[in-house]
Amino acid sequence: MTSAMDISAFSNCRILVVGDLMIDEYVWGSVDRISPEAPVQVVIVDREEYTLGGAGNVVNNLAALGAQVSVAGVIGTRADGDRLMAMFTAMDVDASGVVRDPVRPTTRKTRIIAANQHVLRIDRETRSSISEDAHQALDMFIRRKLPQSDVMLISDYGKGVVTPSLIQTAVRIADACGKIVIGDPKGVDFSKYAGLTLITPNQKEAALASGVDIADDAGLSQAAHRLLDISGVRHLLVTRGKDGMVLFEEGKSPYAIPAEARQVYDVSGAGDTVIAVFGLAVAAGRSFRQAAVMANTAAGLVVGKVGTATITPAELSTALRHDAISRKHKSLAELSKIVSELRRKGNRIILTNGCFDLLHAGHIHLFSASKEMGDVLVVAIDDDTSVRRLKGNGRPVIGARERVRILSALDSIDYVVVFSSEMLPQLIETLRPDVLTKGSNYTADTVLGHEQVERMGGRVALVEVTESISSSEIIQSIRSNPAK
């Protein structure tokens, strides 16, 4: 089974990026005095660095994660345009859709940074709409490339490239060939994005575009549903900085992903990372919820770097494994609040419990079959003392901490809690499961806690796992055949 967090398929994904291409210039220096000419700092420049910005940073993120990328946009014909095209060439990106306009400058944002502090930003740009010739060239490129791509990403920075007409072209082609188009919006009129599969505004953008003051979750929900109505998009992913992000989908409850606490150095480019990783995850076959989790993790990594930085596949893989464990492993007190909210939204809670020492195929089948009986699967594992009492000396072979890590890596499991045997009544009372599952080596009346579950209106279900070898048989086999 391929893990939902596996990113190995990224290298096979073909992504089309269209939007406002920019150069980000970073001027690094130090400050040791105030100017005698005016009350401003004097920055002594140590070095300068140029990176891709705007839609170019989306491309940069995709290329860094191994995707096959095509890009379209409009730039100037002078040095900044040359620099930008050279960067695309170095990354082996198909930039044949980039139009060079002799009367239009390449957007450049210059950031002055001293002692890791952002001192000043200087923008060189035009916000006027692109020429008709440039527009037609972009249209032709989209018509040619989108059918060959897995996902199209539109990066709108309000510099004149992403027009309602361009979006309509993309939507018509995407609908005709069954492609997903995701947009990072700009401005207050989201109706221009009608027909896109999903847009990714941040919370401030969502508040401005909806006209709703977002002070709490209720305000966010109101703003999101208003945006879904006025924009005509099918899905909405609102990024909330330190509060993570929330995915809104028609007919489903909002899906909130909390941010992982990390040191924040620079938030510039985080939105580019979100749309890049979300689009790449969807192209790799992940669900929108799984894609949102991956994008949230990636954004948490990139804000810990200075500048419009990217992340490597190794960094993302490591962080996803860590985040999956931290998200799923909960205390009983934490689960009490989570389950109450889930039940309020109509979710069915499934509980299975056991030692799960030396995981085998029977356990995997138990988990997957249990998950099919409801919406949320909670796996409760006996702590090490309980396992030793139940199974004897020498057990557990794998300690509770590692068992949590292993179980958290399984897609079918939503939450893992560690408990002691005598806490089973408290566990059942707290979770009040709709179904308590066990393997078919039990009978319903021998399942501990069955009476309590049934009194609460739940039931016990036995899952057929008789074809699988047991943990005890694995241990016996190891003892009988020691390594030479």
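Let's start with one pair of residues: Leu236 stands opposite Phe248, which belongs to strand β12. Keep in mind as you look that this is a predicted model. That pair is a handy way into the region where strand β11, residues 235–239, lies alongside β12, residues 245–249. These two strands pair in the antiparallel sense, over five bridges. Follow the chain from one to the other and you go round a hairpin with five residues between the strands. In that turn you'll find Gly241, with a positive phi of about 60°.

Now look at the other partner of β12. Strand β13, residues 255–257, is joined to β12 by three bridges, and the two run antiparallel. Here Val246 is the one to find, as it stands opposite Ala256 in β13. This is a hairpin too, with five residues between β12 and β13, and in it Gly251 takes a positive phi near 80°.

So how covered is β12 itself? Five of its five residues are buried. To picture this, it helps to know that side chains in a regular strand alternate between the two faces of the sheet. In β12, Met245, Leu247 and Glu249 sit on one side, while Val246 and Phe248 sit on the other, and all of them are buried. In other words, both faces of β12 are covered.

Step back to β11 and pick out Val238, which has its place in that strand. Is Val238 buried or exposed? Its relative accessibility is 1%, and because buried means under 20%, Val238 counts as buried. What does Val238 touch? Leaving aside residues up to four places away in sequence, its contacts include Gly244, Met245, Val246 and Phe248, and also Pro201, Asn202, Gln203, Ala206 and Leu220. Take Pro201: it is 37 residues from Val238 along the chain, yet their C-alpha atoms are separated by 5.3 Å.

Finally, let's turn to a pair of helices. Two packed helices are described by the angle between their axes and the distance between the axes. For α3 (residues 132–145) and α4 (residues 164–177), the axes come within 10 Å and cross at roughly 15°. Angles under 35 degrees count as roughly parallel, and α3 and α4 are therefore roughly parallel to each other. The crossing of α3 past α4 is right-handed. Which residues meet there? From α3 come His135, Leu138, Asp139, Ile142 and Arg143, and they meet Ser165, Leu166, Thr169, Ala170, Arg172 and Ile173 of α4. This contact is a mix: five of its residues are nonpolar, three are polar and three are charged.

Conventions
Residues numbered from 1 in each chain as written. Predicted model: local features only at pLDDT ≥ 70, side-chain atom pairs only at ≥ 80, totals over all residues. Heavy atoms only, no water. Axes fitted to C-alpha atoms, helices over the stretch in contact; angles between N-to-C directions. Helix = DSSP H or I, 4+ residues; strand = E, 2+ residues; numbered from the N terminus. Parallel < 35°, antiparallel > 145°, perpendicular 65-115°, else oblique. Left-handed = near helix turned anticlockwise from the far one by under 90°. Contact = heavy atoms within 4.5 Å. Nonpolar A, V, L, I, M, F, W, Y, C, P; charged D, E, K, R; others polar. Buried < 20%, exposed > 50% of the residue type's maximum accessible area, 1.4 Å probe, protein only. Pairing = 2+ DSSP bridges.
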